[in-house]
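Colleague: I should be grateful for a close look at a single part of this model. Please describe how the protein meets the nucleic acid there, and take the contacts one by one.

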2 protein chains.
Amino acid sequence: MTDINERIRDLDTGVDRVKKAAQKGPRANVSTDPALLDLAELLFFAYRDFTREPDKILDEFGFGRAHHRVLHFVNRRPGMRVADLLEILKITKQSLGRVLKQLVDDGFIAQEAGKSDRRERLLHPTAHGRELANRLAEPQLERVAHALNASGRKAQSSIEMFLYQMISEADRSQVERLLMSKDRQHEKREERE
Amino acid sequence: MTDINERIRDLDTGVDRVKKAAQKGPRANVSTDPALLDLAELLFFAYRDFTREPDKILDEFGFGRAHHRVLHFVNRRPGMRVADLLEILKITKQSLGRVLKQLVDDGFIAQEAGKSDRRERLLHPTAHGRELANRLAEPQLERVAHALNASGRKAQSSIEMFLYQMISEADRSQVERLLMSKDRQHEKREERE
DNA sequence: AAAAATAAGTCAACATGACTGACATAAATG
DNA sequence: CATTTATGTCAGTCATGTTGACTTATTTTT
């Protein structure tokens with residue numbers, strides 16, 4: 001299992017590769033390469049199916065995909081603020097408020113005032129929340145594991161790089177921080193439980 | 001530029017790789033590998049941003065993401081039937097009907113009765129339709145091209161494989177056929193225009 | 001200490017795109 | 001002629017996104 005920091009450091013090397021490629025002269029017109037459109041379609045299909053099993057489970061609870069996203073990130077990064085979630089999901093306070101309220105009311109997420117800044121509501125998954133988050137993650141992880149096996153584990157870093165570079169440049173560093181921060185949480189978790 | 005059939009043939013080798021990996025004994029529990037969750041999150045972020053620029057363009061026309069999907073597939077595979085679209089998008093006739101009607105009314109898609117079966121409405125993009133489809137595709141292709149450059153072109157087939165294997169098994173052959181069929185259309189296009 | 005900024009929650013109103021279930025029409029097929 | 005199929009449509013519902021304005025509690029700035 002590769003270390004997270006190692007993997008994240010690798011993501012940066014992609015930038016150099018892009019610069020090098022750009023120096024090779026004017027890039028071929030993107031609309032002439034049919035492989036690009038194939039990839040775009042594959043991404044659509046991959047994502048379409050990626051959300052299917054969780055959606056079915058969510059139905060049992062009267063939840064939707066929006067609840068999944070909120071619960072996932074709160075579970076992954078306990079202690080997250082509401083503002084952080086808004087940044088990640090890129091939705092409005094209104095939209096988030098609705099689903100968050102339901103998750104809190106139904107006992108999947110607990111709020112607690114920040115210690116240094118008591119205006120903040122730090123979000124934590126409850127035991128039920130963790131359980132549901134894991135159940136929702138399972139089919140998705142199976143799917144990713146399968147696809148990873150099929151593409152050869154050697155390709156894993158390239159795939160991470162590809163997906164990482166698909167993120168808008170302005171948001172990449174935020175995601176990078178997110179990937180690192182949840183790992184720090186992971187280490188801390190042993191103490192808390 | 002790799003031949004499409006060669007690339008699709010490659011997709012099948014992934015199956016063998018999965019079988020081989022399975023023989024190595026009981027697979028490690030997927031929930032213990034943090035890299036899998038990272039990939040799942042990266043996929044979320046990649047898709048989140050993948051749809052942003054097109055969404056903005058669609059706004060100008062009073063269209064939404066659903067219109068994009070319909071127009072994209074009709075443009076990619078002219079002559080497609082309504083039933084094909086339903087299969088691909090996995091939505092109901094009702095949902096499709098609404099957006100399709102708008103695209104037809106606004107002159108982006110034309111319908112024509114099938115020759116062998118006149119119940120079928122074969123869907124074609126109009127000149128305006130092709131223009132809009134290309135405009136919507138452009139930022140997405142740029143994004144994919146960028147990400148591909150960053151991950152190294154050598155990794156391209158692994159990335160295609162990964163995304164392909166993320167598709168539910170039952171739908172893979174359908175997608176494979178789709179990827180091939182639009183290419184046949186591509187060859188024919190020269191004659192028609 | 002007063003004023004301004006910030007974090008969060010809430011109100012009302014609205015749009016989009018999903019869903020269900022039933023039904024209509026035209027054409028093909030047995 | 002009866003049935004099946006491909007498509008379109010009606011009516012109603014729900015989930016999730018939007019905007020803009022406003023409140024409350026708390027922190028920060030002046």
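Modeller: What follows concerns the protein surface near DNA strand C. The model is a predicted one. In it, 24 residues surround DNA strand C. The closest of them come from both protein chains: A:K93, A:Q94 and A:R119 on one side of the list, B:G64 and B:R69 on the other. By class, this surface comprises twelve charged, eight polar and four nonpolar residues.

Several helices take part. Chain A contributes at least two residues from each of helix 5 (82–89) and helix 6 (93–105), and chain B does likewise with helix 4 (65–76) and helix 6 (93–105). Helix 4 of chain B provides the largest share of the surface, four residues.

On the side of the nucleic acid, sugar or phosphate accounts for 52% of the atoms of DNA strand C that lie within 4 Å of the protein, and the remainder belong to bases. Individual polar contacts involve both kinds of group. At the backbone of the strand, a phosphate oxygen lies 2.3 Å from a side-chain N or O atom of B:R69, a residue that is also among the closest to the strand. A phosphate oxygen is likewise found 3.5 Å from A:R121, where the partner is a polar backbone atom of the residue. At the bases, B:Q94 places an N or O atom of its side chain 3.4 Å from a base oxygen. The contacts described thus include phosphate oxygens, with B:R69 and A:R121, and a base oxygen, with B:Q94.

Methods:
Residues numbered from 1 in each chain as written. Chains lettered and ligands numbered in written order. Predicted model: local features only at pLDDT ≥ 70, side-chain atom pairs only at ≥ 80, totals over all residues. Heavy atoms only, no water. Near = heavy atom within 4 Å. Polar contact = N/O pair within 3.5 Å; in protein donor to acceptor, adjacent residues only side chain to side chain. Nonpolar A, V, L, I, M, F, W, Y, C, P; charged D, E, K, R; others polar.
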